[in-house]
Protein chains: 2
Amino acid sequence: MSEEQSEDRRSAALDASDPLAAVRSRFLLPREVVAYLDGNSLGRPLEQTASRLAYAARTRWGGRLIRGWDEGWMEEPVRLGDELGRVVLGAAPGQTVVGDSTSVLLYKAVRAAVALDPARTEVVHAAADFPTDRFVLQGIAAELGLTLVPLPAPHDGGVTAGQVAAVVGPGTAAVVLSHVAYRSAYVADVPGITAAAHAAGAVAVWDLSHSVGALPLLLDAWAVDLAVGCTYKYLNGGPGSPAFVYANRDLLPRLRQPIQGWMGADAPFTMGERYAPDAGIRRFLSGTPSILAMLPLADMLAVIDEVGIAAVRAKSERLTAFVIDRYDAELASLGVRLATPRDPMRRGSHVTLDHPAFEAIVPALQARGVIPDFRGPDGLRIGLSPLSTSFAEVDLGLDAVQEQLLRRT
Amino acid sequence: MSEEQSEDRRSAALDASDPLAAVRSRFLLPREVVAYLDGNSLGRPLEQTASRLAYAARTRWGGRLIRGWDEGWMEEPVRLGDELGRVVLGAAPGQTVVGDSTSVLLYKAVRAAVALDPARTEVVHAAADFPTDRFVLQGIAAELGLTLVPLPAPHDGGVTAGQVAAVVGPGTAAVVLSHVAYRSAYVADVPGITAAAHAAGAVAVWDLSHSVGALPLLLDAWAVDLAVGCTYKYLNGGPGSPAFVYANRDLLPRLRQPIQGWMGADAPFTMGERYAPDAGIRRFLSGTPSILAMLPLADMLAVIDEVGIAAVRAKSERLTAFVIDRYDAELASLGVRLATPRDPMRRGSHVTLDHPAFEAIVPALQARGVIPDFRGPDGLRIGLSPLSTSFAEVDLGLDAVQEQLLRRT
């Protein structure tokens, strides 16, 4: 499909009417990448990121040296956390901090949650949740003698408020779930499930990794207790960029996490005798987080702030609908199955298509510069990072998928 | 002191005969920093670091995108760990991995150590160790019901093999100490103390933060069980760069750390039902470590590899001896006290001087571009990062200290 031809296509019209189309050019767009459909695994860098990193290394680290810690670095995890709260989490200041990895912060958050009432010994979660979530919970259950209550996931990773309400009770310590399921993109009912947890006296802990930066979040309004998330997907923080944790301010004074490091201590420079946690969200830090690795995230938050998360979500819905339209028109007849909810309210920012041939055709797609994600046993996960993905790009990617499937029939 | 005058000084002769003098020019040396004497808190960046970061962000992250994980990033924590082992730790491959922060890795290492024999319930440590080390141990002791045995530190943070031998016994689970004391620079006898721990059936866990990159380490030969360390001091990794953990290969198969994330799992991409730890050192990982934040460390290791850690240590000894010579000649008579061992075998790569006026004069030093570290109540910690520090720089810094003290008498 040449560029001339593509102007007649529906994708061209969708790009032309996309109010965010111009934002895409702020990202680095290497010519050989025809269709990047995995921004939900690793977001593209902004064009400015490389030079901003170099500038920070040269002028802040190299120029200010140790003084940098007194000139902003010490506050950066909380400052950036507050920005995350304001721009994408729906969280008032003082409840979010950046650092560690999602796995480490999930460990801290769940340990803090289950310590609130040691008489409660059950943790409800989704049987098909992302491995790290299940693995972290298995580890905590083993060390503390807790019982995991895995819910079957009718929506391939997602569970409903009704399911949760049916199992929580006086023995439930915490309900730990993902907002958007990593495979199906099913969107869980955060306020409904959180209310069901609260009705039983339990705490709700949310993993926002597959929603933050793509879907509006209202953590304060939803009365979420604790949440964690990663920043290298829709927040374009770079490979392994630091994660974040949110703790509701009403609960925060009672939350204690077990990794007592100096960065989470009250008055870290007094070097006191006994550890006392910081009064605020900083108590979730332990060691020194990477300052350089936070820079790309800060830049991306500024872009989202400029356009607004509502506009990001609107484009996300149009992009996922566009993929489903092409699935209906051309791929369903080739034996492809849709593994993502059709209801836009219950659909995150990626679409998973299943076909037994997908594993075999991924190398051919990659060779053509089409980069989706493969999730076994037979899922092609098409990530639609709203700000950096064009409809034309999706079209070219699905052309390649269709062509590869046709070659095999 | 003008540059002309400085040529007549002993420092000029020492720089002229320093075989590593030329290496200093590979670091970023901003003109306004007259004397950087805090490379033991945050090392300077290499000149190449800024452009290398930009290049990696542009070509690896931006160009290869998610494919980067298949093209080296997945192995980078272990590859870089092996490099650390070869160049600075004295550790054979497969025992070292890079990630998390020192506090988080210390937590994991100590949790793994004390889990080896739950019948052993005591942890020996130094009462004056760096706060994060004490805080982490206090947290672990509280959650597991262990007893901490804090040793008084005659050497301001350092303890002796005799002290350790006197307290370890059948109830000792682990001995957790710093190799170089963060305040006094006292060098602990790692093989002697490790042997004392082993004689009682206990495990030795070492924090190498203030020695790695400045002193030769022989972890394998010393039969160290576990070790952690930070990379932003003498390894010039940048603010908050990832830490590392070493686990002796004989012990490794029995070590389990509690934060079970997917990056530490056997076959992370199979997304299995139950967590099983990786067979090797990777089991100490949990979440995704920052790839960009590892780059400066990799570059610095290449420089140390080129000159050899023995040469780095030789210069370190000359630099600290030079500071002590000037202390003896000019500062002792002003009421300054030396808080660092005179014996070069027992002295790390910094020198701490105590004087009640130091806290008050630090701003005046900073205003003149002289940047030492202040450690309460009255310590000026003079860090001598061997590869990036010149004797002339130390001279100018001590000139400023002397002048400020003279002004106050």
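# Briefing: a predicted two-chain model

Of the 274 residues in the largest nonpolar core, Val110(A) and Val110(B) touch the most other members. The structure is a predicted model, and its two chains are related as by a two-fold rotation axis, because a rotation of 180 degrees with 0.0 Å of shift superposes one on the other. Chain A has 12 helices and 13 strands, and its domain assignment gives two domains.

**The nonpolar core**

- Apart from neighbours within four places in sequence, the contacts of Val110(A) are Val136(A), Leu137(A), Ile140(A), Ala174(A), Val176(A) and Val205(A).
- In soluble globular proteins, nonpolar side chains tend to be buried together.

**Overall form of chain A**

- The radius of gyration of chain A is 22 Å, which agrees with the value near 22 Å that a compact globule of 409 residues would have.
- The C-alpha trace of chain A spans about 70 × 55 × 35 Å along its principal axes.
- Of the 409 residues in chain A, 58% are buried.
- Among contacts in chain A with a separation of 6 or more, 72% join residues that are 24 or more positions apart.

**The two domains of chain A**

- Domain 1 of chain A consists of two segments, 3-46 and 308-407, while domain 2 covers 72-305.
- The centres of these two domains of chain A, taken over C-alpha atoms, are separated by 29 Å.
- Where the domains of chain A meet, 31 residues of domain 1 are in contact with 27 residues of domain 2.
- On the domain 1 side of this contact in chain A, at least two residues each come from helix H10 (309-331), strand E10 (350-354) and strand E13 (379-383).
- H10(A) gives the largest share of that side, 5 residues.
- By class, the side of domain 1 of chain A that touches domain 2 holds 13 nonpolar, 11 polar and 7 charged residues.

**Where the chains meet**

- The contact between the chains involves 63 residues of chain B and 63 residues of chain A.
- Helix H3 (49-64), helix H5 (102-114) and helix H6 (131-144) of chain B are the elements that give two or more residues to the side of chain B that touches chain A.
- The largest share of this side of chain B, 10 residues, is supplied by H3(B).
- The residues of chain B on this side divide into 33 nonpolar, 22 polar and 8 charged.

**Symmetry of the pair**

- Chain B superposes on chain A with an RMSD of 0.0 Å after a rotation of 180 degrees, with 0.0 Å of shift along the axis.
- The two copies are thus related as by a two-fold rotation axis.
- The same surface serves both copies, as 100% of the contact residues of chain B recur in chain A.

**A closer view of Val23(B)**

- Val23(B) is found in the loop between helix H2 (10-16) and strand E1 (35-36) of chain B.
- Val23(B) counts as buried because it has 20 C-beta neighbours inside 10 Å, and a residue needs 20 or more such neighbours to be classed in this way.
- Leaving out residues up to four places away in sequence, Val23(B) touches Val303(B), Val307(B) and Leu387(B).
- One of these partners, Leu387(B), is 364 residues from Val23(B) along the chain, yet the C-alpha atoms of the two are separated by 6.3 Å.

Terms used:
Residues numbered from 1 in each chain as written. Chains lettered and ligands numbered in written order. Predicted model: local features only at pLDDT ≥ 70, side-chain atom pairs only at ≥ 80, totals over all residues. Contact = placed C-beta atoms within 7 Å. Helix = DSSP H or I, 4+ residues; strand = E, 2+ residues; numbered from the N terminus. Nonpolar A, V, L, I, M, F, W, Y, C, P; charged D, E, K, R; others polar. Domains from an automatic or database assignment. Rg over C-alpha atoms; globule rule 2.2 N^0.38 Å. Buried ≥ 20, exposed ≤ 12 C-beta atoms within 10 Å, placed from the backbone. Least-squares fit on C-alpha atoms with pLDDT ≥ 70 in both. Core = buried A, V, L, I, M, F, W, Y, C linked by C-beta atoms within 7 Å.
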